[in-house]
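Student: Got a minute to go through this structure with me? I'd like the overall picture, then some details.

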Amino acid sequence: AHAIAAMHAITPTLDISVKSDPALWAERLGAEVLPTGSLRVIASGLVSELPGYRNGEWWIQDAAASLPARLLGDVSGANVLDLCAAPGGKTLQLAAAGAKVTSVDASAERLKTLKDNLGRTGLSANVVCADARDYQPDTAPEFILLDAPCSATGTIRRHPDIAYTKDEASIGSLVEVQKTLLKHAVSILAPGGRLLFCTCSLEPEEGQQQIEALLSANSSLTREIISASEIGGLDDLLTVGGDLRTLPSHLSHEDPRMAGLDGFYACRLVKH
């Protein structure tokens, strides 16, 4: 807790996901390539004025937030359903990886940002404004990414207001929404398909406890263990059970300003 609080006191860096050639864009932006493949730079001024932004070569995305989409594996040519997709960083990743993405979100306003980013980057996805709790795809997807609404306590270093606007009651109501979303996602996933569940929360109720309850109630699912090789060799980001758990105090660096990650939980499941 002390280590997390110490990171909250440091202004976070600008983390970037690129469509291709991270080394080239690291050089152009004066950035460092992280083990996970994201770029990290201490930037000032307007993001839109940085090289490559206007012509859509990259987008802003915390390094931890970029991991869940990668954990789906090879999605080239596959049907991928991105639930609760806005503002769209993960949709952009999946589209750049060659997936046929359907991006679903209940907020038309937030979907405008997603569409703007698709236009800027030249990537494509089928964007649907709908409640992910009852959305019915025409074809059962091979992959589902569910970045569920949560308390976002893992992002306090970027959004310090969260420490004041969220309480135990709000977490309880979000847990129920997550449970409903998970149940529905499992029901529409194709047999043999992968479901990647994630939240940017530090609360166990919104992470591991949610998954343990799901697995206990559904014998058609098994956990697929995440390996360190999939996340740049950073084995300290993995739980004993093989899930992803990042903390704001992770990813140390000799320059404290270049350290840290958003707090994320992710679990990969397979439907039999």
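Tutor: We'll take the fold overall, then one helix, then the aromatic rings. Keep in mind that this is a predicted model.

Student: Fine. How many helices and strands does the chain have?

Tutor: There are 8 helices and 12 strands.

Student: What is the radius of gyration, and what would a compact globule have?

Tutor: The chain comes out at 18 Å. A compact globule of 272 residues would be near 19 Å, so the two agree. The C-alpha trace spans about 50 × 40 × 35 Å along its principal axes.

Student: And the contacts? What share links residues 24 or more positions apart?

Tutor: Counting contacts with a separation of 6 or more, 68% join such residues.

Student: How much of the chain is buried?

Tutor: Buried residues are 51% of the 272. About 12,100 Å² is exposed, with carbon and sulfur atoms supplying 52% of that area.

Student: New topic: helix α4. Why is it described as largely enclosed?

Tutor: Helix α4 covers residues 89–96, and 7 of its 8 residues are buried, so the rest of the structure largely encloses it.

Student: Which ones are buried?

Tutor: Gly89, Lys90, Thr91, Leu92, Gln93, Leu94 and Ala95.

Student: What comes just after α4?

Tutor: Gly98, with a positive phi of about 95°.

Student: Now the rings. Which charged residues sit over them?

Tutor: Arg28 puts its charged end over the ring of Trp25, 4.8 Å from the centre. Arg120 lies over the face of Tyr53, 3.9 Å from the ring centre.

Student: And how many aromatic pairs?

Tutor: The count is 1 aromatic pair, with ring centres within 6.5 Å as the cut-off.

Key
Residues are numbered from 1 along each chain as its sequence is written. This is a predicted model: local features need pLDDT of at least 70, side-chain atom pairs count only at pLDDT 80 or more; totals for chains, interfaces and linings use all residues. Side-chain values use heavy atoms; hydrogens and water are left out. Rings of Phe, Tyr and Trp (its six-membered ring) pair if their centres lie within 6.5 Å; planes under 30 degrees apart count as stacked, over 60 as edge-to-face and the rest as tilted. A charge sits over a ring if NZ of Lys or CZ of Arg is within 6 Å of the ring centre and within 35 degrees of the ring normal. Buried means under 20% relative accessible area, exposed over 50%, partly exposed in between (1.4 Å probe, protein chains only). Helices (H or I, at least four residues) and strands (E, at least two) are DSSP runs, numbered from the N terminus. The radius of gyration is taken over C-alpha atoms; the globule rule is 2.2 Å times the number of residues to the power 0.38. Contact means heavy atoms within 4.5 Å. Accessible areas come from the Shrake-Rupley method with a 1.4 Å probe; for residues, only the protein chains shown count as cover.
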